[in-house]
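Hi,

Here is the structure I said I would pass on. Have a look at it first, and then read on for what turned up when I went through it.

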Amino acid sequence: MPLETPSRIVRELARRGYNAEREAVTLIASAADPATALGRAVEDAPDDALRLTAEDVRTVLEADSLAADSPTSPAAGPSSTPAVTPDSSATADSSATADSPPESGPTGNDGTTHHGADERDAHAEQPSTRDPSVSTGTPPDTSPDEAGGVPPETEGSWERSSTAERRSIEIEGDVTGRSTGTGEYEQFVTVFRDRYERLSKRLRGRVNHRPATAIQEMTGGSDASMVGLVNDVRSSANGHWIVELEDTTGVFPCLVTKDRDIADQVDELLLDECVAVEGTLADDAGILFVDSLHFPDVPRTYRPTTADRHVQAALISDVHVGSQEFMADAWHRFTDWLHTREAEHVEYLLIAGDMVEGVGVYPDQDEELDVVDIYDQYEAFSEYLKEVPGDLEIVMIPGNHDAVRLAEPQPGFDEELRSIMSAHDARITGNPSTVTVEGVSVLMYHGVSLDEVIAELPEEKASYGDPHKAMYQLLKKRHVAPQYGGHMRLAPEEKDYLVIDDVPDVFHTGHVHKLGWGKYHNVLAVNSGCWQAQTAFQKSVNIDPDAGFAPILDLDTLELTVRKFV
Ligand code: D5M
Ligand code: FE
Ligand code: ZN
């Protein structure tokens with residue numbers, strides 16, 4: 001096959017059993033005759049080498065004078081790089097505040113479709129709106145397969161700064177290898193007790209709370225406060241809200257009258273989340289009239305940590321290899337771009353679940369499978385992953401389509417799947433996990449609970465159009481999947497791995513296949529879209545996925561640039 005683009009070179013090298021340094025691929029791409037250069041480099045590589053280095057390639061290029069002799073080498077052609085105008089690409093300003101910047105979301109090719117561009121978000125602290133919508137520039141009208149040509153940035157050789165020793169990744173909160181849950185009733189009691197202990201701690205300082213049993217003994221008319229998990233929310237005959245809270249001693253009913261400001265906050269309540277209330281007991285002491293309601297929340301003063309050098313991470317999810325709708329061309333464009341100079345600072349790739357389409361995940365899913373065997377799907381995914389430059393650090397968590405247990409927290413891929421995906425030496429961790437990259441903590445969670453949050457909350461607080469707002473709710477509740485029993489399955493471990501103990505600097509999810517990002521109390525929330533075109537099911541329920549985008553995060557400023565590869 002012709003070898004004009006990095007992804008093709010990488011595929012050809014993979015076919016011959018090699019992984020390669022990014023610069024090695026760049027050098028081959030820029031050779032006068034890439035096919036010959038590749039063949040010679042492979043021939044001359046040490047027998048035991050698994051990874052072709054830039055040095056290996058340079059040696060053969062110099063020996064055989066295969067290097068391109070002018071910038072207009074025969075290999076050069078029209079650009080196949082993604083067409084995003086850098087100066088108009090979307091950024092999420094790190095100085096922005098809650099619910100801030102993005103009336104985010106991709107624009108269509110005609111630049112007209114905006115997520116959240118309607119002014120449903122009427123928060124007072126809304127900063128002046130720039131237009132942070134993704135610029136599409138002029139998308140290439142040919143697919144990379146037809147485009148033929150080396151992206152200009154890959155012409156000639158360029159040195160990547162040698163930064164491997166400055167990299168760091170630490171992982172916390174990973175259930176992999178620690179799962180003890182067998183699903184017995186007592187274990188659910190334990191995990192909810194742990195949830196209560198850890199979340200109530202955040203609220204105890206703010207209210208002078210009493211246990212449910214103590215409140216039951218208090219006299220009518222006294223002030224009282226309680227911290228509890230939401231056991232039930234129902235409306236009374238006259239339209240007020242009755243919120244039943246449960247702590248480790250018992251339950252107590254609380255009444256929020258419909259004409260109070262806080263009635264608006266009742267809309268945000270999910271079952272099983274932890275909240276605090278303050279109020280006054282009714283004369284008969286049978287119910288608490290609520291004056292204020294508090295969530296564990298992220299402090300408004302939270303200051304994120306940033307990396308101390310200019311380095312970037314690509315945040316993606318929902319690749320869905322094995323689906324007929326997997327967008328291979330967009331993926332090739334993305335991986336080609338990763339080989340270009342423009343992407344030289346991208347040193348990390350964080351993938352938030354749904355690597356493959358899986359089998360039997362949804363009814364009738366098999367009709368849309370391109371690869372029907374789950375292991376073959378991972379083999380195929382592994383081939384696509386090989387297109388990613390070998391010098392990127394990759395971290396992956398599973399999602400609901402992956403071949404791990406569905407119940408959350410989900411452990412990382414097992415040995416068999418790891419060995420299938422071993423070419424890249426990716427770090428494999430559970431869903432959720434906190435991945436700290438050069439000091440920046442990224443809470444990675446696939447996002448199944450987002451469906452629940454979006455279904456339960458009013459449109460302006462959480463919607464598929466603004467998935468980051470649903471993420472804000474999870475941050476506010478300090479729990480990635482508060483409501484038990486709906487879409488989200490819970491595995492009762494000895495502790496609640498889904499509690500957000502430490503405030504992350506970045507919260508990265510996927511699952512809903514929509515792109516959206518913004519800052520909540522200075523935490524950057526990013527839902528990263530997908531690489532799967534609309535499926536028949538999605539069409540039937542009007543889900544219009546944002547496919548083929550890669551949000552690129554500056555770890556030194558926490559600014560985000562979304563690049564489009566379709
Ligand atoms: O799900 C992608 C999005 O689409 C997520 O919001 C769930 C929704 N979805 C997709 N297929 C179905 C079916 N069959 N039933 C209900 N909801 C669905 P993902 O799991 O990443 O494919
Ligand atoms: Fe998905
Ligand atoms: Zn999913």
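Which strands does helix H13 lie across, and at about what angle does it run to E16? Helix H13 (residues 467-477) lies across strand E15 (506-509), E16 and strand E17 (523-528), and its direction is at about 40° to E16. Before you go further, keep in mind that this is a predicted model.

Now the sheet itself. Those strands belong to an open sheet of six strands, ordered E3-E13-E14-E15-E17-E16, and the pairing is mixed. At the edges sit strand E3 (169-172) and strand E16 (515-520), each of which pairs on one side only. On average, neighbouring strands here are turned by 20° against each other, direction ignored. At the E3 end, E3 pairs with strand E13 (residues 433-437) in the antiparallel sense over four bridges. If you want a spot to look at there, Ile-171 stands opposite Val-435 in E13.

Next, the metals. The iron ion (ligand 2) has four protein donors: Asp-318 (OD), His-320 (NE2), Asp-354 (OD) and His-513 (NE2), at 1.8 to 2.2 Å from it. Along the sequence these donor residues are spaced D-x1-H-x33-D-x158-H. Two of them link distant parts of the chain: Asp-318 is in the loop between strand E9 (312-316) and helix H9 (328-338), while His-513 is in the loop between E15 and E16, 195 residues apart. Asp-318 and His-513 are both buried.

For the zinc ion (ligand 3), the protein donors are Asp-354 (OD), Asn-400 (OD1), His-446 (NE2) and His-511 (ND1), lying 2.1 to 2.3 Å from the ion. Their spacing along the chain reads D-x45-N-x45-H-x64-H. Here too a pair of donors links distant parts of the chain: Asn-400 comes from the loop between strand E11 (393-397) and helix H11 (415-420), and His-511 from the loop between E15 and E16, 111 residues apart. Both Asn-400 and His-511 are buried. How far apart are the zinc ion and the iron ion, and which residue coordinates both? The distance is 3.1 Å, and the residue is Asp-354.

Helix H9 has a residue to check as well. Thr-335 lies in this helix. Its relative accessible area is 0%, so Thr-335 counts as buried. Leaving aside neighbours within four places in sequence, Thr-335 is in contact with Ser-7, Tyr-384, Glu-387 and Val-388.

Last, the helices at the start of the numbering. Helix H2 (residues 22-29) packs with helix H4 (residues 54-64) at an angle of about 25°, and their axes are 7 Å apart. H2 and H4 are therefore roughly parallel to each other. In this contact, Glu-23, Ala-24, Leu-27 and Ile-28 of H2 meet Ala-54, Val-57, Arg-58 and Leu-61 of H4. Sorted by class, that gives six nonpolar, no polar and two charged residues.

Helix H3 (residues 34-44) joins the same neighbourhood of helices through its buried residues, which pack against helix H1 (6-15), H2, strand E2 (51-52) and H4. The buried residues in question are Pro-34, Ala-37, Leu-38, Gly-39, Ala-41 and Val-42.

Cheers

How values were computed. Residues numbered from 1 in each chain as written. Chains lettered and ligands numbered in written order. Predicted model: local features only at pLDDT ≥ 70, side-chain atom pairs only at ≥ 80, totals over all residues. Heavy atoms only, no water. Pairing = 2+ DSSP bridges. Helix = DSSP H or I, 4+ residues; strand = E, 2+ residues; numbered from the N terminus. Axes fitted to C-alpha atoms, helices over the stretch in contact; angles between N-to-C directions. Contact = heavy atoms within 4.5 Å. Donors = N, O, S within 2.8 Å, 3.2 Å for Na, K, Ca; no water. Buried < 20%, exposed > 50% of the residue type's maximum accessible area, 1.4 Å probe, protein only. Parallel < 35°, antiparallel > 145°, perpendicular 65-115°, else oblique. Nonpolar A, V, L, I, M, F, W, Y, C, P; charged D, E, K, R; others polar.
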